Amino acid sequence: MLKVYGFARVNQGARGKTRDLRVLWALEEMGLGYEIVGMYHPNHDLDSPAFRALNPFGQLPIIDDEGVVVSESGAILLYLARKTGKLIPLDLAGEAQVLRWAFTALTSIEVPVLSLWFVNLCGGKGTKPSEALHGWAEMRLKQLDGWLAGRDYIATEDFTVADILMTHVLDAGTDPQMLAAFPHLLGYRARCTERPAWQKTLAEYRERVEGV
Ligand SMILES: N[C@@H](CCC(=O)N[C@@H](CS)C(=O)NCC(=O)O)C(=O)O
């Protein structure tokens, strides 16, 4: 059976933000069975030689699908979409739109918002680098807001794995105060997070990881 390596416990501040949720959400949408291999970060489970042999970066999520080991949340979602034929169009042109917007979520959007979060976390708030990152992130969010005007989903007319990646980047990785200025982003995020598969995934995750 497909194994998903995910967090066994997550501290309060990070709950809902960990990237294993992207994989669990996709699996729920696809109706694919799996088992969770729970990893406990404080126990250094991610540092063990056995885990590092699967992912040299010692990070989650990864999957092991009967010996096919895939790390990187974006790569995992695209693999699962190709495997099931779900949450991705089957034609080349449609697939290209999903690839395009999956990469956009993980590069053009996640890089500036995550860098801003990290610099501020490290005490950089109010500094020039922080202000520059804020401007970069805000510019990308504004451009994305424009793209989403009149669209339900990011890549195609239907919900795809690119929406899971983009929604999680916006929902978990982006300063809520920055999002408040962008009505199309807020509507899009609400449309995606209201999906029953996400609600179920989040509820089950919370029940599992709230042990700290
Ligand atoms: N680019 C990777 C990032 C993975 C990542 O940052 N994972 C975090 C949890 S969300 C992690 O495992 N952190 C533990 C660590 O780095 O020690 C992906 O999208 O899968």
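Biologist: Starting with terms: two strands pair if DSSP finds at least two bridges between them. In the hairpin of β3 and β4, which residue takes a positive phi?

Modeller: That's Glu66, with a phi near 50 degrees. The hairpin has two residues between its strands. Keep in mind that this is a predicted model.

Biologist: Got it. How many bridges hold β3 and β4 together, and in which sense do they pair?

Modeller: There are four bridges, in the antiparallel sense, and β4 covers residues 68-71. For one pair to look at, Asp65 has Val68 as its bridge partner in β4.

Biologist: And what sits in the whole sheet, in what order?

Modeller: It's an open sheet of four strands, ordered β2-β1-β3-β4, and the pairing is mixed. At the edges are β2 (35-39) and β4, each pairing on one side only. On average, neighbouring strands are turned by 25 degrees against each other, direction ignored.

Biologist: Mixed, okay. Do β1 and β2 run parallel or antiparallel?

Modeller: Parallel, with five bridges joining them. Gly6, for example, has Gly38 in β2 as its bridge partner. On the other pairing, β1 (residues 3-7) runs antiparallel to β3 (residues 62-65), and three bridges join the two. There, Val4 is partnered with Ile63 in β3.

Biologist: Which strands does helix α1 touch?

Modeller: Helix α1 (residues 20-30) packs on the sheet and touches β1 and β3. The direction of α1 makes about 140 degrees with that of β1.

Biologist: Switching to helices: how do α4 and α6 pack?

Modeller: Helix α4 (residues 92-124) and helix α6 (residues 161-173) pack at an angle of about 10 degrees, and their axes are 8 Å apart.

Biologist: Why is α4 called roughly parallel to α6?

Modeller: Because angles under 35 degrees count as roughly parallel, α4 is roughly parallel to α6.

Biologist: What kinds of residues make that contact?

Modeller: By class, 14 nonpolar, one polar and one charged. From α4 they include Trp101, Leu106, Ile109, Glu110 and Trp117, which meet residues of α6, among them Val161, Leu165, Met166 and Gly173.

Biologist: Last topic, the ligand. Which residues are around the ligand?

Modeller: They are Thr18, Arg19, Leu46, Gly58, Gln59, Leu60, Pro61, Glu72, Ser73 and Gly74.

Biologist: And how does that shell split by class?

Modeller: The shell around the ligand has five polar, three nonpolar and two charged residues.

Note on methods. Residues numbered from 1 in each chain as written. Predicted model: local features only at pLDDT ≥ 70, side-chain atom pairs only at ≥ 80, totals over all residues. Near = placed C-beta within 6 Å. Nonpolar A, V, L, I, M, F, W, Y, C, P; charged D, E, K, R; others polar. Axes fitted to C-alpha atoms, helices over the stretch in contact; angles between N-to-C directions. Parallel < 35°, antiparallel > 145°, perpendicular 65-115°, else oblique. Contact = placed C-beta atoms within 7 Å.
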